[in-house]
Number of protein chains: 2
Amino acid sequence: MQEKPEISNAEFEVLDVLWDDHPATSNDVVVRLNDKKDWHEKTVKTLLGRLVKKGVLGFEKQQRQYLYYPLIAREDYTKKETTNFVSRLFKGKIAPMVAGFANQNSLSKQDVSELKALIKEWEQKND
Amino acid sequence: MQEKPEISNAEFEVLDVLWDDHPATSNDVVVRLNDKKDWHEKTVKTLLGRLVKKGVLGFEKQQRQYLYYPLIAREDYTKKETTNFVSRLFKGKIAPMVAGFANQNSLSKQDVSELKALIKEWEQKND
DNA sequence: TATGTTTGATTACATTTGTAGTCGATATAT
DNA sequence: ATATATCGACTACAAATGTAATCAAACATA
């Protein structure tokens, strides 16, 4: 039905805490967001509602409250967004993006070994 | 002055062609965008104006027309956006983002060799 | 039971964004 | 010189977004 569930920045934050742990009541979400964001409870409720309307969240009633949960997987979302991002900003080429990142942030030894592992895996698959 | 020049998607397209080649008149931009986008000339002009107001573009008058040019470098912008993106979607870890990308798109042999080159460079610098 | 509390639903409202249209001044063509 | 095309400035306007407040129903409390 919904083609592209456009998720706004604020909505994303809400979705993010639900990805971390769900189902959760709106209040759970409010509480967990308090760490990161300084949002009014009403604001969070609004965002939850919008995400439901967009088909991004589902819920079940538990007595009078709702238990919310994501309808889309974090991995699916991040993969799609990443493809999009790389295509828009880097003409679809991943290496320049990594280069820019590495040049702006410091790569940890672990980052590098993870990247090497990825490459090794790729090479085993394609040769 | 302007803290974070929030650049919208549509605005980005305009900025993008100016990064490719500048300075350029509004009409140059309109023409070059015709390939990609199906935007009315007036729309493009509006976007140019908004980018100027946001401090993202500058211009010089050439007789009656303006010659626009970017005030921020593509590299600076993409680096910042990338850091942001990776931090939001991947808790700041680059490897998972590359993994997701690789898993969604096909990495070319060249992508891989570029990544390897990056890593080699990193290793030479940090050991 | 009367009252305050909590929940989701609905409404609010300024700002940003997408997507142009109008206007006044200038440049160009006849 | 006059009509017209063009340019940037300003205006328009609906949808999305950020950020809540209000309202009605259900609960909990005194």
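Me: What kinds of residues make up the surface near DNA strand D: how many are nonpolar, polar or charged?
Reply: For a surface like this, start by sorting the residues by type. In this predicted model, the residues near DNA strand D split into eight charged, seven polar and four nonpolar. There are 19 residues around that strand, and the closest are Ser8(A), Thr43(A), Thr46(A), Arg50(A) and Arg64(B).

Me: Which part of DNA strand D faces the protein, sugar and phosphate or bases?
Reply: Look at the strand's atoms within 4 Å of the protein: 61% of them are sugar or phosphate, and the rest are from bases.

Me: Which side chains should I click on for polar contacts to DNA strand D?
Reply: Pick side-chain N or O atoms and see what they face on the strand. His40(A) has one 3.2 Å from a phosphate oxygen of DNA strand D. With Thr43(A), the partner is a sugar or linking oxygen of that strand, at 2.9 Å. Lys42(A) goes for a base oxygen of DNA strand D, 3.0 Å from a polar atom of its side chain. As for the elements giving two or more residues to this surface, they are helix H1 (9-20) and helix H3 (41-53) of chain A, plus helix H3 (41-53) and strand E2 (65-70) of chain B. H3(A) has the largest share, with five residues.

Me: And DNA strand C: which residues come nearest?
Reply: Run the same check on that strand. Of the 19 residues around DNA strand C, the nearest are Arg64(A), Ser8(B), Thr46(B), Arg50(B) and Lys54(B). Sugar or phosphate accounts for 58% of the strand's atoms within 4 Å of the protein. A phosphate oxygen of DNA strand C sits 3.3 Å from a side-chain N or O atom of His40(B), and Trp39(B) has a side-chain N or O atom 3.4 Å from a phosphate oxygen of DNA strand C. Lys42(A) turns up here too, with a polar side-chain atom 3.4 Å from a base oxygen of DNA strand C. H3(B) gives the most to this surface, five residues.

Me: How are chains A and B related, in terms of rotation and shift?
Reply: Superpose one copy on the other and read off the operation. Chain B lands on chain A after a rotation of 179° with 0.0 Å of shift along the axis, at an RMSD of 0.1 Å. The two copies are therefore related as by a two-fold rotation axis. Both use the same surface, since 100% of chain B's contact residues recur in chain A.

Me: At what angle do H1(A) and H3(A) cross?
Reply: Compare the helix axes. These come within 9 Å and cross at roughly 85°, so H1(A) is roughly perpendicular to H3(A). Their contact includes Val14(A) and Leu18(A) from H1(A), and Leu47(A) and Leu51(A) from H3(A). Its residues divide into seven nonpolar, two charged and no polar.

Technical notes. Residues numbered from 1 in each chain as written. Chains lettered and ligands numbered in written order. Predicted model: local features only at pLDDT ≥ 70, side-chain atom pairs only at ≥ 80, totals over all residues. Heavy atoms only, no water. Least-squares fit on C-alpha atoms with pLDDT ≥ 70 in both. Contact = heavy atoms within 4.5 Å. Near = heavy atom within 4 Å. Polar contact = N/O pair within 3.5 Å; in protein donor to acceptor, adjacent residues only side chain to side chain. Helix = DSSP H or I, 4+ residues; strand = E, 2+ residues; numbered from the N terminus. Nonpolar A, V, L, I, M, F, W, Y, C, P; charged D, E, K, R; others polar. Axes fitted to C-alpha atoms, helices over the stretch in contact; angles between N-to-C directions. Parallel < 35°, antiparallel > 145°, perpendicular 65-115°, else oblique.
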